[in-house]
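User: Could you take a close look at one part of this model for me, namely how its interior is packed? I'd like a connected account rather than a list.

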Amino acid sequence: MTDAEWMERALALARRAAAAGEVPVGAVVVRDGELLGEGWNRPISRKDPTAHAEVVALRAAAAAAGNYRLPGATLYVTLEPCLMCAGALVHARLARLVYGAPDPKTGVAGSRLDAFTLPFLNHRVEVTGGMLAEACGALLREFFAARR
């Protein structure tokens with residue numbers, strides 16, 4: 001599958017989050033063309049501030065791989081990660097991050113900060129932003145417009 005096809009899968013998961021009343025963010029972890037884990041935002045339903053889509057997907061991928069380190073893996077996520085999620089990606093030793101919509105308020109893959117290039121980190125994650133950005137952003141805009 002292509003990057004765009006994996007992002008479409010992440011978008012489907014984001015829609016699942018929206019249907020549950022969670023902020024619509026979805027994520028998948030892929031290695032060698034194989035889906036290792038997936039997740040969508042669940043902090044409200046799980047009563048867990050760390051249950052962001054990225055962390056949920058990383059936990060599932062680590063369980064499937066039998067290791068918390070996921071070298072060679074790519075995480076596809078519909079929204080630019082926050083600082084917590086960026087740290088988790090570095091600790092998991094992911095090779096790549098592909099995200100959809102930028103997050104001008106809390107995004108740390110280039111919007112507010114470029115956390116993946118901090119010189120003291122012992123691992124680098126290759127970052128590609130803007131994959132299906134319009135579709136990812138539209139889902140978020142629609143979700144928040146309905147609540148205002």
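Analyst: Here is a walk from the nonpolar core outwards, by way of the helix pairs, to a few residues in loops and at the surface.

First, the ground rules: this is a predicted model, in which local features need pLDDT of at least 70 and side-chain atom pairs count only at pLDDT 80 or more, while totals for chains, interfaces and linings use all residues. Residues are numbered from 1 along each chain as its sequence is written, and side-chain values use heavy atoms, with hydrogens and water left out.

Let's start in the core. A nonpolar core here is a set of buried Ala, Val, Leu, Ile, Met, Phe, Trp, Tyr and Cys residues joined through side-chain atoms within 4.5 Å. "Buried" stands for under 20% relative accessible area, "exposed" for over 50% and "partly exposed" for what lies in between, with a 1.4 Å probe and protein chains only. The largest such core has 42 residues, and the members that touch the most others are V29, L58, L70, L75, L94, L97 and F116. At least two residues each come from α1 (3–19), β1 (26–31), β2 (34–40), α3, β3 (74–79), α4, β4 (96–101) and α5 (133–147). Helix α1 gives the largest share, 7 residues. These elements are DSSP runs numbered from the N terminus: H or I over at least four residues for helices, E over at least two for strands. As background, nonpolar side chains in soluble globular proteins tend to be buried together.

L94 gives a good view of those core contacts. With contact taken as heavy atoms within 4.5 Å, and neighbours within four places in sequence set aside, L94 meets L58, L70, A73, T74, L75, L89, H123, R124 and V125.

Two strand residues add to the picture. V28 sits in strand β1 and counts as buried because its relative accessibility is 0%. Beyond its neighbours within four places in sequence, V28 is in contact with W6, R9, A10, L13, L35, G37, E38, A57, T74, L75 and Y76. That last partner, Y76, belongs to strand β3 and is also buried, at 4% relative accessibility. Under the same sequence limit, the contacts of Y76 are D3, W6, M7, A10, G26, A27, V28, V30, R96 and V98. For scale, the C-alpha atoms of Y76 and E134 are 15 Å apart, with their positions 58 residues apart along the chain.

Now to the helices, whose axes are lines fitted to C-alpha atoms over the stretch in contact, with angles between N-to-C directions running from 0 to 180 degrees. Helices α1 and α5 pack at about 10°, their axes 10 Å apart, and are therefore roughly parallel. (Roughly parallel is under 35 degrees, roughly antiparallel over 145, roughly perpendicular 65 to 115, and the rest oblique.) M7, L11, A14, R15 and A18 of α1 meet A135, C136, L139, F143 and R147 of α5. This contact holds 8 nonpolar, no polar and 2 charged residues, where Ala, Val, Leu, Ile, Met, Phe, Trp, Tyr, Cys and Pro count as nonpolar, Asp, Glu, Lys and Arg as charged, and the others, Gly among them, as polar.

The second pair is α3 (residues 53–65) with α4 (residues 83–91), at an angle of about 25° and with axes 9 Å apart. They too are therefore roughly parallel. Their crossing is left-handed, the near helix being turned anticlockwise from the far one by less than a right angle; clockwise would be right-handed. Here E54, V55 and L58 in α3 meet M84, C85, A88 and L89 in α4, a contact with 6 nonpolar, no polar and 1 charged residues.

Just past α4, in the loop leading to β4, lies R93. Although not a glycine, R93 has a positive phi near 60°, and it is buried at 18% relative accessible area. K47, in the loop between α2 (43–46) and α3, likewise has a positive phi, of about 50°, without being a glycine. K47, however, is exposed, with a relative accessible area of 72%. For context, most residues other than glycine have a negative phi.

Finally, in helix α2 we find I44, which is exposed at 59% relative accessibility. Apart from residues up to four places away in sequence, I44 touches G21 and E22.
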